[in-house]
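The exercises below concern strand pairing and aromatic contacts in a single protein chain. Please work through each task with the model open before reading its solution.

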Amino acid sequence: MPDATHIPIVDLLKKKQFTEISEIYRISAVISGTQKNGDPYWFLTLSDITGKITAKIWSGSQASRYADTLKANQYIQVQASVSVYQNSRELTVSDFQTVPDTKVDPTLFLLSSERPPLDMLKELEQICTRTLTFSGWKNLVFSILHDQNIRAGLLRSPAAKAMHHAYIGGLIEHTLAVAQLCMRFCDLYPRLDRQILLAGAVCHDIGKIREYPDGAGSDISAEGELIGHITIGLEMLEPFLRQSDLNEMQKMHLRHMIASHHGKLEFGSPKTPRTEEALALHYADDLDAKMAGCRSVFTDFSEPEMDDHPLRIDRPHPNILGSSILRFGKTLEQIDLKNDKKILKKGVTQCSLLSKA
């Protein structure tokens, strides 16, 4: 539940009644330096779900005694004064106390999925229970999903830093959607091996658990930056493959699917898809990422009506649709044609491809 006593940063930036505060915020960045007189200073970027504000710690304050211990992604309770510098509101911190992650409501500070992550994980497990009849794939997938570190990471991690599913629960939301799309592909293209495709969907992004070890809102790890989630994911998968009763060709096929799921070498895949299942996994991953990216681009805009000019957003993330993206109003759906009644409603259920997944 939201904390009714929390002072949103947007209020600090816009309302003048705040002069002194004691409040918990998340540290997005820490910069330290030295003044001309040789005294140290620290500039923090504090954030919550409503925005960011600069907070300064000056030498000689109580806060300066422990400022060197501060780092990004920590939560701190600051005692600070609110002032204006160069037409922008900022905080001057007199003292602070660090706050354990377990003592805060993360939804006050970080975007989160609209669905509870645990509900999505349970839905994914239900799809696996229905679909995986071959013991080798069933045992492999559930040994991965029941691993406590992987399970916690799936629930906590984003699927990306910015472009798509960049929030708490984003990774499990994306994984579930990719699994659903893959199952629909199998309905349309029955040549596909449904079981290995589902295993690939479950495993394709597990490397992002270590790429974003501090969860949503954090920077990419050094391991993620230098090695990448595809290689990390293959490494994480290997102990489970060694303990499985899959044959070597099945193991090789799954490794190939994960290695090639970005589709192109320039997009980070060490190999391009060479099997039908690898190709299907790549397009499911790419489609869900792009649809989620489009959704995030238009989050702050009202839906246009059917007769309106389309919304146009220039220079969205280049991996979505290039230079610009447009959003037209949905076609209205006419109902009750039997009685010739001209009743129109928003076509909100026109596309139900995933409704049975």
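**Exercise 1.** Find the residue in β2 that is the bridge partner of R26, and place that bridge in its sheet.

*Solution.* The bridge partner of R26 in β2 is S47. The model is a predicted one, in which local features need pLDDT of at least 70 and side-chain atom pairs count only at pLDDT 80 or more, while totals for chains, interfaces and linings use all residues. Residues are numbered from 1 along each chain as its sequence is written, and side-chain values use heavy atoms, with hydrogens and water left out.

Next, take the strands themselves, which are DSSP runs of E with at least two residues, numbered from the N terminus, and which pair if DSSP finds at least two bridges between them. Strand β1 (residues 20–34) and β2 (residues 40–48) pair in the antiparallel sense over eight bridges. In the hairpin of these two strands, with five residues between them, G38 takes a positive phi near 95 degrees.

**Exercise 2.** Which residues of β1 stand opposite I76 and A80 in β4, and what sheet results?

*Solution.* Y25 stands opposite I76, and I21 stands opposite A80. The pairing of β1 with β4 (residues 75–85) is antiparallel and extends over seven bridges. Finally, the order β1-β2-β3-β5-β4 describes a closed barrel of five strands with mixed pairing.

**Exercise 3.** Classify the ring pairs of Y41 with W58 and of Y75 with F109.

*Solution.* Rings of Phe, Tyr and Trp (its six-membered ring) pair if their centres lie within 6.5 Å, and planes under 30 degrees apart count as stacked, over 60 as edge-to-face and the rest as tilted. For Y41 and W58, the centres are 6.1 Å apart and the planes are at 50 degrees, so the pair is tilted. This pair links Y41 in β2 to W58 in strand β3 (residues 51–58), 17 residues apart.

For Y75 and F109, the centres are 5.0 Å apart and the planes are at 65 degrees, so the pair is edge-to-face. Since Y75 lies in β4 and F109 in the loop between β5 (88–99) and α2 (117–131), the pair ties together parts 34 residues apart in sequence.

**Exercise 4.** Is Y75 buried or exposed?

*Solution.* The classes are buried (under 20% relative accessible area), exposed (over 50%) and partly exposed in between, with a 1.4 Å probe and protein chains only. At a relative accessible area of 5%, Y75 is buried, and F109 also counts as buried, at 6%. W58, by contrast, has 32% and is partly exposed.

Note on methods
Helix = DSSP H or I, 4+ residues; strand = E, 2+ residues; numbered from the N terminus.
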